[in-house]
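User: I would like to learn how to read the packing features of a model. Can we take them one at a time?

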Amino acid sequence: MASKFDPNLALNLILPTQPRPNPQPSSTQIPAAAPAAADILVITGGNELSGHVPISGSKNSALAILAATLCCRGASKLNNVPRLADTATMAAVLSSLGAEVEFSGNEVVVETDRVGSAEPDAGLIGRIRGGFFVVGPLLARFGEAAVGLPGGCDIGARPVDIYVRGLRQLGAVVELRDNKLVARAANGRGLVGGRFRLDYPSVGSTQTLMMAACLAEGTTLLSNVAREPEIADLASFLTSTGARVEGVGTDRICVHGTRQLLGTEHTIMPDRIEAGTFMLAAAITRSRISLSPVCPVLLSGLIDKLLGGGCTISHERDELELSAIPRRSGEGLRGFDVRTLPYPGFPTDLQPQTMAMLSTCDGLSIVEESVFENRFTHVKELQKFGAKIHTEGSTAFIHGKGRRDKLRGARVSAADLRGGMALVLAGLAAEGVTQVSRMSNIDRGYESLEAKLRSLGADVKRLEEPNPS
Ligand code: EPU
């Protein structure tokens with residue numbers, strides 16, 4: 001029997017160190033005391049990994065599609081939704097608008113017929129970037145929205161100028177007031193299709209404008225759009241609700257507006273970033289593991305680099321196997337260069353984990369971050385393991401430690417999700433014990449992380465937060 005989703009409870013269970021949310025409306029009881037935080041991961045490094053790891057549903061796809069349920073009348077059922085702090089926050093955002101959200105394992109049912117507010121809880125929106133995506137559906141369906149400015153990982157300025165310009169092209173009056181984006185349909189009825197060229201192929205702007213255009217009157221042509229696979233997953237959900245979306249996967253998307261969309265059932269795509277992270281975990285520990293479900297073509301940027309570095313990769317149907325076990329004794333992995341780019345380029349969400357791996361390879365590797373302006377917070381933490389890295393602006397130079405000189409266990413802090421995961425990978429490969437604090441930043445994006453790592457043979461366990469007294 002499905003249990004009713006309780007945002008207060010879920011957030012306390014999954015996000016124990018965050019301030020308690022204040023979703024409205026809510027008739028649920030808030031537990032008197034939040035459970036003690038388990039915010040430190042202790043890793044005893046050096047174990048070779050082996051076995052198979054199941055890949056969860058995509059966090060970023062789930063966040064956009066949860067927002068998209070607001071476009072539909074009736075109930076939508078989503079399968080393969082990862083149980084993460086961020087998806088719990090997104091569910092709480094929907095509840096704060098009056099939607100009924102029921103979680104049962106990895107299934108979520110969202111019923112939106114009682115949505116009575118166009119202003120989600122700003123405290124919740126401030127926690128995750130994906131919360132902001134509701135601005136498109138709210139404006140399209142109700143003709144108005146007042147949405148707090150988004151949060152998410154601290155990886156540089158994350159402006160919303162493209163969203164604002166795009167929504168204006170669809171006939172919205174938009175202003176930024178009291179740290180909120182306040183928008184309404186200029187004609188007092190609803191959005192109107194238009195043409196808009198994005199200055200940059202922003203993922204969230206593309207998703208938000210697609211959702212808004214689905215319920216706009218007439219046709220919308222969006223150009224220079226993002227081509228990330230999560231956009232195709234969103235389009236597939238919208239199409240099955242009755243929307244007409246063309247051109248997904250190219251740099252131009254055409255949406256023919258429809259009066260009404262109806263709730264549907266959809267299975268969230270596998271998380272390509274989680275899959276890439278486990279591939280890098282196998283590479284950094286010179287191990288062999290298999291993973292599924294994986295769509296290798298969506299990871300070709302990483303696969304090509306790892307093959308060039310000396311890994312062996314094979315796949316059959318949706319299962320991929322990676323081996324970084326040296327074929328001859330004394331043989332090591334070779335470093336390589338990476339430049340992050342919008343899809344199909346090398347994903348920025350795998351840049352920190354790749355950098356950790358490169359710090360154990362032979363030779364000099366150069367990593368250039370071109371998507372976010374400040375996604376190197378992991379560098380000073382990786383240096384604590386003895387990694388030889390220096391940065392010049394948005395470029396990092398990694399002098400690999402080679403075969404004999406290993407990383408050493410360290411006490412480090414996860415400042416953001418992917419950068420934090422890079423530290424976990426370094427800890428798996430390092431000699432001795434590593435403590436990664438601020439694990440709540442990593443819990444935002446990796447479902448059942450310790451259980452999965454332990455099933456591969458890693459020695460990891462959570463420590464309670466030290467008592468401040
Ligand atoms: N940008 C602007 N103006 C805008 C929107 C974006 O200048 O109005 C800039 C951003 O500042 C950034 C670049 O465009 O420098 C790319 O941002 P984008 O909008 O593409 O990213 P996002 O939608 O905010 C999503 C993922 C990120 C992922 C990026 C790029 C979600 C919830 N987040 O963010 O995921 O890194 O696309 O692929 O879908 C993560 O999972 O760790 C993560 C950060």
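User: Start with aromatic pairs. How many does the structure hold?

Analyst: This is a predicted model, and it holds one aromatic pair. The partners are Phe 132 and Tyr 163, in an edge-to-face arrangement. Their centres are 5.1 Å apart, with 75° between the planes. Planes over 60 degrees apart count as edge-to-face.

User: Where in the chain do Phe 132 and Tyr 163 lie?

Analyst: Phe 132 is in the loop between H4 and H5. Tyr 163 belongs to helix H6, residues 161–169. The two are 31 residues apart, so the pair links distant parts of the chain. Phe 132 is buried, at 0% relative accessible area. Tyr 163 is buried too, at 3%.

User: Now salt bridges. What is the general idea?

Analyst: Side chains of opposite charge can pair when their charged atoms come close. A search of the whole structure finds 21 salt bridges here.

User: Which residue pairs with Lys 452, and how far apart are the closest N and O atoms?

Analyst: The partner is Glu 274, with the closest N and O atoms 2.6 Å apart. Lys 452 sits in helix H15 (residues 449–455) and Glu 274 in helix H9, 178 residues apart. This pair links distant parts of the chain.

User: Is Lys 452 buried or exposed?

Analyst: Buried, at 8% relative accessibility. Glu 274 also counts as buried, at 2%. The reasoning is a cut-off: a residue is buried if its relative accessible area is under 20%.

User: Which residue forms a salt bridge with Arg 141?

Analyst: Asp 113 does, with the closest N and O atoms 3.9 Å apart. Arg 141 lies in helix H5 (residues 135–142). Asp 113 lies in the loop between strand S7 (107–111) and helix H4 (122–125). The pair therefore ties together parts that are 28 residues apart in sequence. Asp 113 is partly exposed, at 43% relative accessibility.

User: What about Lys 384?

Analyst: Lys 384 forms a salt bridge with Glu 381, and the closest N and O atoms are 3.0 Å apart. Lys 384 is partly exposed, at 44%. Glu 381 is buried, at 4%. There is also a network: Lys 59, Asp 86 and Arg 444 are joined by salt bridges that share partners.

User: Next, helices. How do I read the buried side of one?

Analyst: An α-helix has 3.6 residues a turn, so residues three or four places apart point the same way. Take helix H10, residues 300–309. Leu 302, Ile 303, Leu 306 and Gly 309 are buried there. They lie on the same side of H10, because they cover an arc of only 125° around the axis.

User: What do the buried residues of H10 pack against?

Analyst: Two helices and two strands are listed: H9 (272–284), H11 (351–358), S18 (312–316) and S19 (319–323). After H10 comes Gly 310, with a positive phi near 115°.

User: Last, strands. How do S9 and S10 run, and how many bridges join them?

Analyst: They run antiparallel, joined by six bridges. S9 covers residues 172–177 and S10 covers residues 180–185. For one bridge, look at Leu 176: its partner in S10 is Leu 181.

User: What connects S9 and S10?

Analyst: Two residues lie between the strands, which form a hairpin. In the turn, Asp 178 has a positive phi of about 50°.

Methods: Residues numbered from 1 in each chain as written. Predicted model: local features only at pLDDT ≥ 70, side-chain atom pairs only at ≥ 80, totals over all residues. Heavy atoms only, no water. Pairing = 2+ DSSP bridges. Helix = DSSP H or I, 4+ residues; strand = E, 2+ residues; numbered from the N terminus. Buried < 20%, exposed > 50% of the residue type's maximum accessible area, 1.4 Å probe, protein only. Arc of directions from axis to C-beta. Contact = heavy atoms within 4.5 Å. Salt bridge = Lys/Arg side-chain N within 4 Å of Asp/Glu carboxyl O. Phe/Tyr/Trp six-rings, centres within 6.5 Å; stacked < 30°, edge-to-face > 60°.
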